[in-house]
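Trainee: Could you walk me through this one? I'd like to start with the terms and then get to the residues.

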Amino acid sequence: MRIEYDIKLGFKDVMIRPKRSTLKSRKEVSLKREFKFMHSSTTWSGIPIIAANMDTVGTFEMAKALSKEKLFTTIHKHYTTEEWTQFFKNSKSDIENYIAVSTGIGKQDALRLSENIRANPKLKYICIDVANGYSEYFADFVKRTRDTYPEKVIIAGNVVTGEMVEELLLSGADIVKVGIGPGSVCTTRVKTGVGYPQLSAIIECADAAHGLGGQIISDGGCTTPGDVAKAFGAGADFVMLGGMFAGHDESGGETIEKNGKTFKKFYGMSSATAMDKHSGGVADYRASEGKTVEVPYRGNVADTVKDILGGLRSTCTYVGASRLKELTKRTTFIRVAEQENKVYTK
């Protein structure tokens, strides 16, 4: 047993210090990024915000909506090959640039991934997703996937420390997903005591990834556009959102009417709800590590996207970053004891 005494930080622990800026307007800020990858020859261009591969968020409908703004969606793994094929038939010609097919690491997962790619060879991006990315079997699965699909861009996670980011990149991942326990409907930290505050995880993992020529995704913990800005400021190349994209027309989840108000069901993928739906219930050897909540209905996701991107552009003007790429270099975090005046709340 050992103890690390350095304090690790989450988004609520810091704010971004403003700096002198020559920008006259938010209109001058470009949020588009272009990435080349460590293993794949593919080049990606767009706004690096990603809808999470949860079945209440990473839907085909969400992908169609977000791709209009050049945002990315990791599609959840529970669609059939036939549904994938139909999706491509009914989507715009460049949709493959803004979606990833998701997979777990079981034999059936690998088989489903193979069938999906064989039927839809335009798929360029693979998201290998597990709650705990620290197992040797996971790294081996990444290696096998890289060998099988040498030209695909591989996203792998989740981890929260630099050494494991390096391990996954060297195993064949192009992008590593960072985050254990920060999600709004994740209870891993409560059930296991395991986790890592998200801001510190981003800083450590970005440093490790960029040293090798890889990228990271900050996955979880964002509840406001300001948190998204902090994630980018800390060094994240992409930011993945779950709860912020829940509750919309394009989101999955049952619609519920209560007391004249509309809600949509939102749940973690390790929750009892998800496991009852997709796995026949919670296995005897494990516990549920996710919540099921009812999110107020939010209408079209385009309005939420506008709010997030507007906040992000404003952040850039406060620190003098004309491009999103410059935000990290222009960011100084200050430790704080308060964030927001909550005298009036909705």
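Mentor: Sure: buried means under 20% relative accessible area, exposed over 50%, and partly exposed in between, with a 1.4 Å probe and protein chains only. Helices (H or I, at least four residues) and strands (E, at least two) are DSSP runs numbered from the N terminus. This is a predicted model, where local features need pLDDT of at least 70, side-chain atom pairs count only at pLDDT 80 or more, and totals for chains, interfaces and linings use all residues. Residues are numbered from 1 along each chain as its sequence is written, and side-chain values use heavy atoms, leaving out hydrogens and water.

Trainee: How many residues of helix α8 are buried?

Mentor: Helix α8 spans residues 225-234 and is mostly covered. Its buried residues include Asp227 and Lys230, alongside Val228 and Phe232. The count for the ten residues is nine.

Trainee: Which residue follows α8?

Mentor: Look just past the helix for a positive phi, near 120 degrees. That residue is Gly235.

Trainee: Is Gly181 buried or exposed?

Mentor: UniProt, in an unreviewed entry, places a "binding site" feature at Gly181 and Gly183; such annotations may be inferred rather than shown by experiment. Gly181 sits in the loop between β9 (175-178) and α6 (188-192). Its relative accessible area is 12%, so Gly181 counts as buried.

Trainee: Which residues does Gly183 touch, not counting those up to four places away in sequence?

Mentor: Gly183 lies in the loop between β9 and α6 and is partly exposed, at 25%. Contact means heavy atoms within 4.5 Å. With sequence neighbours up to four places away set aside, the partners are Gly220 and Gly221.
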